[in-house]
Amino acid sequence: MSERFTKGMARNIYYGGGAFFFLLFVALTVDTVTVLPKRENRELLTAEVAHGKEIWEKNNCVGCHSLLGEGAYFAPELGNVFQRRGMENEQVFKAYFSAWMKAMPTGVEGRRQMPQFHLKEQEINDLAEFLIWTSRIDTNDWPPNIEG
Amino acid sequence: MKYQSQAVAKPYFAFAMLLFVGQIVFGLILGTQYIIGDFLFPEIPFNVARMVHTNLLIVWLLCGFMGATYYLVPEETQCELYSPKLAWILFWAYAIAGTLTIVGYLSVPYATLAEITYNNILPTMGREFLEQPTITKIGIVIVALGFLFNVGMTILRGRKTVINMVLITGLLGLAVFFLFSFYNPASLTLDKYFWWWVVHLWVEGVWELILGSILAFILIKTTGVDREVVEKWLYLIIAMALISGILGTGHHYFFIGAPEYWLWIGSVFSAVEPLPFFMMMVFAFSMIKQRRREHPNKAAVTWAAGCTIMAFLGAGVWGFLHTLAPVNYYTHGSQITAAHGHLAFFGAYVMIVLAIISYAWPQLQGRLSNSLQAQKVEIASIWVMCVSMLMITLLLTAAGIIQVMQQRMPADGIALGYMATQDLIVPIYWARLVAGIAFGGGVMLYLYSFVVASRTQADAPALPVSA
Amino acid sequence: MSSMAGTSLKTLWLLMLLLTLAVVLRKPEHLILLAVAAWFAALIKGIWIIRYFMEMKQAPLFLQRILYGWLIITISAVTLTAIWQL
Amino acid sequence: MNSPLTLSGKDKIPGDIALWFFLCAELAVFGLLIAGFSLVRLRQPEMFQAGLQELHVSAGVINTMALLTGSYLVATGVNKLRIQGDGCARYFFAASGCGMIYVISKVSEYQTLYSNGYSLHYDIFFGFYFFTTFFHFLHVLAGMMILIILGRWLKKTDSDDEQKLKAAESAASYWHMVDLVWIVLFPALYVLR
């Protein structure tokens, strides 16, 4: 059996197969990138939303929360927090969000604590804009329910 | 050791083990915070501890890969390393930058760290696993370039074997895909899409090449099986890894905004992903069965064989468990993901680095292997670590199942909220913490085996002089 | 298949072409008949390809089983779901 | 099938065994795609019927003919190589020419569908149709390249007969696998509707 299983053939499959599937992956990536603007409503991606994303990153929010299911699993999913806490109403959500950010940490003994990030009013607004924008991305119906 | 320059692997291995201990300490802190929410708050908030835990893992695994490369490339190419001095300089650069980064995480709030490292010029921070300040990322690229140059020049000068060619392509891929960590568009979906080009194409792509070549090296050395046989299996296994793994990236594109077809492509190709891990297991065991020599280093063989089993379980079985889109719809971002992540990283990458350390360290000390007493302790530590990691995985899987049943599957209004579900899982988190402490005990036992080894040096088989 | 002995590859090839055309051109009116015809045509073509073109006749049994199994499962899936829908 | 036309002896696998690992993995992928396709058909029959009506039976028939002919040529080429040892490169080139017919007809079908507004994103049916057939299409392209490389290599190599035969059998096995997949895709897409 061994002489009918050659290193040369195994090598060809490695190089050929690797290149084949990588090229196919690149082709699919090109297609994905061209249709993404529609799926995530890029026209709604304002400077405020972009700034909100920077604040999200600068404070390492993903270290506790998940966003569209990715991140840490220590705190609730925030991809649909706009629906869950804001009832899909921007004013309601922003008021709730601002109050929430200011009330942290709760200091309840033994409970998980969210740090106080000392964000300015504008920054809280932009972060809220980012979360609202995120909640409108077409995620193939994920999460299954409002609890995320 | 056959070549003087292999000695540069030593500081890399030592530093890797030191960081490993740090990683476990922070893992235990995290495990505690899952139960006692305000543990160490506000000194070490969860996000900081987690960042330290995962970044230490990445840093020490990379350190282990570099050490492994410096150890095996001279032996494979049959010539000394191009520049041992450069390897030392890069080691200190890497160690200092890594330590400073971790100190930065722990000493100032993350936002302050972002400011003092001028993150605003090229914002790359604050994304899972890529939390390092931009300047650290640039440092990593520079170290990687120097490292690749050093290794590449050595390979160019010496014998080109399949093992060192596969290893260098893996390392090259590692460096190339890391460049995507500098791409951080304002669009979240685009950001996530290319974030996986680093994360997935690392752990389910190029890292598997590194894993395969280190495993092949250890098996050639310890079993004495024909190089030709080992090499063709290596090619075939990594070919399968790439064929399934590249489009398998699609299983991360289900719910982040990417088009619907990824649901199908991701499911189909990741269903094939366990195959290379299965083949790796069959390969390792058949090589060991056909062995032509009894290498005295049983511990290294145990690590290598165990690595293939645990990698198959963690990456193969636990990966497949939740990779199909209809399943992942409910498990995405739950504790099931954490269960898979722990076992896969431990089985595939932690164990292979510890395997090469186990094989190389005695030789770097001038022994063919450690004494029997030391190996006994080491093998016991392997069992403790593997069993406790399996326990952690099973417990996290149970936690994930509860989360899915209570929080994800019921309809709106009936489903339990996130925190209410977490409260329900607390008893399991307690058991997980116990398993985590047991794992820490395994690590201590492992380190103790080095003490035993140096105490019983006299009983260890000596390295053949002319070899 | 022993009755096929002596038949050349060319005959098999021409028969397969005819089979393909026959199913498409003389498409049965009844949908179940169509499904059965399509199933048989694909099965015969697949078996010939595996057995004579791929030369699996003398291959180890497990490999033959994998290939024939793959063929039967996939075409059955395709035709059964079509019948279900029709 | 008498002796010279086939492999002799029991338990012989044509070509390189390494290739068969790969072919089995490929068949698994295609099998899963076809299974997914059938599953969706069960769940959304109307969408499927509507989609199937848009495909071009003639293109499907041409493709089947082209691939069957290619497979026949490749199998004959391997047999010729086994008997005479040379002069068989033209069979592989011709088979790759058959692949070209497939490519042209497939591309023109894609073009028509695309200009009618159908794409990967139109609905699940077309998502499947485009991905699966495009994936298969790439396999045909790869197979054509392999056959051309094989033919050119056979002409100039001074390897021994056994090595030549093994290389030819390997390439042939890949090509037949691609054909086999099409044999299943053809009724699924063009007949059962």
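**Interfaces, an aromatic pair and two buried residues**

A:R4 and D:E169 form a salt bridge, with their closest N and O atoms 3.7 Å apart. The model is predicted. This briefing covers two interfaces of chain A, an aromatic pair between chains A and B, and the surroundings of A:N140 and C:A38.

**Chain A with chain D**

- The salt bridge count across this interface is one. That bridge joins A:R4 to D:E169.
- Contacts involve 14 residues of chain A and 20 residues of chain D.
- The two chains bury about 1500 Å² between them. Carbon and sulfur atoms account for 74% of that area.
- Five residue pairs are in polar contact between chain A and chain D, both residues being at pLDDT 80 or more.

**Chain B with chain A**

- Here 89 residues of chain B contact 70 residues of chain A.
- The buried area is about 6800 Å², and carbon and sulfur atoms give 64% of it.
- On the chain B side, B:L188, B:K232 and B:Y235 lose the most area to chain A. Together they make up 10% of what that side buries.
- Six salt bridges are counted between chain B and chain A. One of the salt bridges pairs B:E228 with A:K7, the closest N and O atoms being 3.6 Å apart.
- Polar contacts link 42 residue pairs between chain B and chain A, again with both residues at pLDDT 80 or more.

**An aromatic pair across chains A and B**

- Over all chains, the structure holds 92 aromatic pairs. Among them is the pair of A:F74 and B:Y34.
- The rings of A:F74 and B:Y34 are 5.3 Å apart, centre to centre. Their planes stand at 90 degrees, so the pair is edge-to-face by the cut-off of over 60 degrees.
- The pair crosses between chains, with a loop residue on each side. A:F74 lies in the loop between β2 (70-71) and α3 (81-86) of chain A. B:Y34 lies in the loop between α1 (9-33) and α2 (46-77) of chain B.
- A:F74 and B:Y34 are both buried.
- An arginine lies over the face of each ring. For A:F74 it is A:R112, at 4.5 Å from the ring centre. For B:Y34 it is B:R432, at 5.1 Å from the ring centre.

**A:N140 and its surroundings**

- A:N140 is in the segment after α5 (121-135) of chain A.
- Its relative accessibility is 12%, under the 20% cut-off, so A:N140 counts as buried.
- A:N140 touches A:R39 in its own chain. On chain B, A:N140 touches B:F254, B:F255, B:A258, B:P259, B:E260, B:L263 and B:Y329. Residues up to four places away in sequence are left out of this list.
- A:N140 and A:R39 are 101 residues apart along the chain, yet their C-alpha atoms are separated by 9.8 Å.
- The side chains of A:N140 and A:R39 make a polar contact at 3.0 Å.

**C:A38 and its surroundings**

- C:A38 sits in helix α2 (residues 31-53) of chain C.
- At 3% relative accessible area, C:A38 falls under the 20% cut-off and is therefore buried.
- C:A38 touches C:V23 in chain C and D:P187, D:V191 and D:L192 in chain D, not counting residues up to four places away in sequence.
- C:A38 and C:K27 are eleven residues apart in sequence. Their C-alpha atoms are 9.4 Å apart in space.

How values were computed:
Residues numbered from 1 in each chain as written. Chains lettered and ligands numbered in written order. Heavy atoms only, no water. Phe/Tyr/Trp six-rings, centres within 6.5 Å; stacked < 30°, edge-to-face > 60°. Helix = DSSP H or I, 4+ residues; strand = E, 2+ residues; numbered from the N terminus. Buried < 20%, exposed > 50% of the residue type's maximum accessible area, 1.4 Å probe, protein only. Lys NZ or Arg CZ within 6 Å of the ring centre and 35° of its normal. Contact = heavy atoms within 4.5 Å. Buried area = accessible area lost by both parts, 1.4 Å probe. Salt bridge = Lys/Arg side-chain N within 4 Å of Asp/Glu carboxyl O. Polar contact = N/O pair within 3.5 Å; in protein donor to acceptor, adjacent residues only side chain to side chain.
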